[in-house]
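Biologist: Please take one part of this model and look at it closely. I would like to hear about charge pairs, cysteines and any greasy surface.

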Amino acid sequence: LNESFVNLETVNMHMKTKIMEADPIQSSLRSTIDNLRHEIDDKIRDYDTKIEDLKEKEIEYVQRIDQQCVQIKCLTDEKSVLEEQFGIIKREKCDSESVMED
């Protein structure tokens, strides 16, 4: 029984030694994990900022496209009016030429 107790004490001391050896490693790992968390948080903030910037640019581009569509519509309408006017002028010219020939 006494020998078993000595063996248990030896095992206990051995375990305490292992725990003491593991403490600095555990502390180092905790520090590394905390640093990684901070880095990840910084990256997430950076990405959030970039996403917001991209959303703002998207809004600007959509507005520009809308403006260009309005301009294209105006130019198309103006072209139609000019084509119609040109057609009238061309017809009038043809009519006046045919009257002159008669």
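**A close look at helix H1**

Modeller: A search of the whole structure, which is a predicted model, turns up six salt bridges. Side chains of opposite charge can pair when their charged atoms come close. Three of the pairs are described here, going along helix H1, which spans residues 2-101.

Start with Glu21 and Lys18. They form a salt bridge, and their closest N and O atoms are 3.8 Å apart. Both residues belong to helix H1. They are three residues apart, about one turn of the helix. Glu21 is partly exposed, at 46% relative accessibility. Lys18 is also partly exposed, at 44%.

Next comes the nonpolar patch. Ile25, Leu29 and Ile33 form it on the surface. Together they offer about 290 Å² of accessible area. Ile25 sits in helix H1. Ile25 counts as exposed because its relative accessibility is 54%, and the cut-off for exposed is over 50%.

Now take Arg37 and Asp34. Their salt bridge has its closest N and O atoms 3.7 Å apart. The two residues are three apart in helix H1, so about one helical turn separates them. Arg37 is exposed, with a relative accessible area of 52%. Asp34 is partly exposed, at 38%.

Move on to the cysteines. The disulfide count comes to zero. Why is there no bond at Cys69? The closest cysteine sulfur belongs to Cys74, and it is 11 Å from the sulfur of Cys69, so it is too far for a bond. The rule asks for sulfur atoms within 2.5 Å. Cys74 is likewise in no disulfide, its nearest cysteine sulfur being that of Cys69, 11 Å away. How accessible is each cysteine? Cys69 is partly exposed, with a relative accessible area of 46%. Cys74 is partly exposed too, with 44%.

Last, look at Glu83 and Lys79. They make a salt bridge with the closest N and O atoms 3.2 Å apart. They are four residues apart in helix H1, so the separation is about one helical turn. Glu83 is partly exposed, at 47% relative accessibility. Lys79 is partly exposed, at 48%.

To recap, helix H1 holds the pairs Glu21 and Lys18, Arg37 and Asp34, and Glu83 and Lys79. Ile25, one of the patch residues, lies in helix H1 as well. Cys69 and Cys74 stay unbonded to each other, their sulfurs 11 Å apart.

Methods:
Residues numbered from 1 in each chain as written. Predicted model: local features only at pLDDT ≥ 70, side-chain atom pairs only at ≥ 80, totals over all residues. Heavy atoms only, no water. Patch = residues over 30% accessible without salt bridge, like charges linked within 9 Å, V, L, I, M, F, W, Y side chains within 5 Å. Areas by Shrake-Rupley, 256 points an atom, 1.4 Å probe, with all protein chains shown as cover. Salt bridge = Lys/Arg side-chain N within 4 Å of Asp/Glu carboxyl O. Buried < 20%, exposed > 50% of the residue type's maximum accessible area, 1.4 Å probe, protein only.
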